Amino acid sequence: ANGSLGGMFRGCDQLVDCDLSQFRTQNAVGMPYMFAGCSALQELNVISFDTMTASVMNNMFDGCSSLPTLNLTSFQLVRATTVANMFKDCSSLTTVDFPEVINSHSLNDMSGMFDGCEALTDVVLDSFDTMNVTTYNNMFKNCKALPSMNLNSFVTNVSAKTFTSMFEGCESLTSIDITSFDVPLATSFASMFKNCTKLTTIAYPASLKNTTGTSQNLSNMFEG
């Protein structure tokens, strides 16, 4: 397939099973909203997808509310700049499998990536290169079943700006370590841990502990 695959199956709300294992995507420049609104989809095979040339992947599975698992081990994000809302409101999704090594150095926007993944119990992001990401707003918002997350290799750099509502509504989360976050120029942590009602321990980076800047929005950071 050449060009963009954006919105290819968008709104196919009666689609239950989709096998694209023979589909060739090596020339696709984008896949935004490709399966958005496929609310009945329970089986999706994209194991052969070549995403090396795709620059936009936002909202790719947005609203796939019946999908229980996803195998994305063939995905590489060499040119991708955004995965914003990629799995938004995939409310039945329990696990997502990513490659052990993933080239994602071009990413700058991961906002809302798992927003509304209420059934998600495990997510491993060790393979992601997040050094150029600037926006993390709503990334794990309302991941209500997620008991823990390993972000030790989830390194942010000084370009990271906004973390608004990043973990808001993570009701099952009991502790979190974000010491790998380098955030001296961040402008917003508003509602970052809002309604994390079981959270008892947070390990902070020095760059957040020592911040006194008036330009940073810390409103409602721990509300609830």
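K141 counts as partly exposed, its relative accessibility being 22%. In this predicted model, K141 lies in the loop that runs between β6 (95–97) and β7 (175–177). The points below take up K141 and two asparagines of that loop, then the nonpolar core with F167, and finally N217.

**K141 and its surroundings**

- The 22% relative accessibility of K141 is not under 20%, the limit for buried, and not over 50%, the limit for exposed, so K141 falls into the partly exposed class.
- Leaving out residues up to four places away in sequence, K141 touches F114, D115, G116, S165, M166 and E168.
- T187 is 46 residues from K141 in sequence, and the C-alpha atoms of K141 and T187 are 19 Å apart in space.

**Positive phi in the β6–β7 loop**

- N138 is not a glycine, yet has a positive phi of about 60°.
- The loop between β6 and β7 holds N138, and a relative accessible area of 23% makes N138 partly exposed.
- N142 likewise adopts a positive phi of about 60° without being a glycine.
- N142 is placed in the loop between β6 and β7; with a relative accessible area of 26%, N142 is partly exposed.

**The largest nonpolar core and F167**

- The largest nonpolar core comprises 67 residues.
- Within that core, the residues touching the most other members are F35, F61, F87, F114, F140 and F167.
- In soluble globular proteins, nonpolar side chains tend to be buried together.
- F114, one of these core residues, is also among the residues that K141 touches.
- With residues up to four places away in sequence not counted, F167 touches F140, M149, L151, I176, I178, M192, F193, K194 and C196.
- F140 therefore appears twice in this picture: as one of the core members with the most contacts to other members, and as a residue touched by F167.

**N217, after α1**

- N217 sits in the segment that follows α1 (206–209).
- A relative accessibility of 34% places N217 in the partly exposed class, because this value is neither under 20% nor over 50%.
- Apart from neighbours within four places in sequence, N217 is in contact with T187, S188, F189 and A190.
- T187, a contact of N217, is the residue whose C-alpha lies 19 Å from that of K141.
- N217 and T164 are 53 residues apart along the chain, and their C-alpha atoms are separated by 8.8 Å.

How values were computed
Residues are numbered from 1 along each chain as its sequence is written. This is a predicted model: local features need pLDDT of at least 70, side-chain atom pairs count only at pLDDT 80 or more; totals for chains, interfaces and linings use all residues. Side-chain values use heavy atoms; hydrogens and water are left out. A nonpolar core is a set of buried Ala, Val, Leu, Ile, Met, Phe, Trp, Tyr and Cys residues joined through side-chain atoms within 4.5 Å. Buried means under 20% relative accessible area, exposed over 50%, partly exposed in between (1.4 Å probe, protein chains only). Contact means heavy atoms within 4.5 Å. Helices (H or I, at least four residues) and strands (E, at least two) are DSSP runs, numbered from the N terminus.
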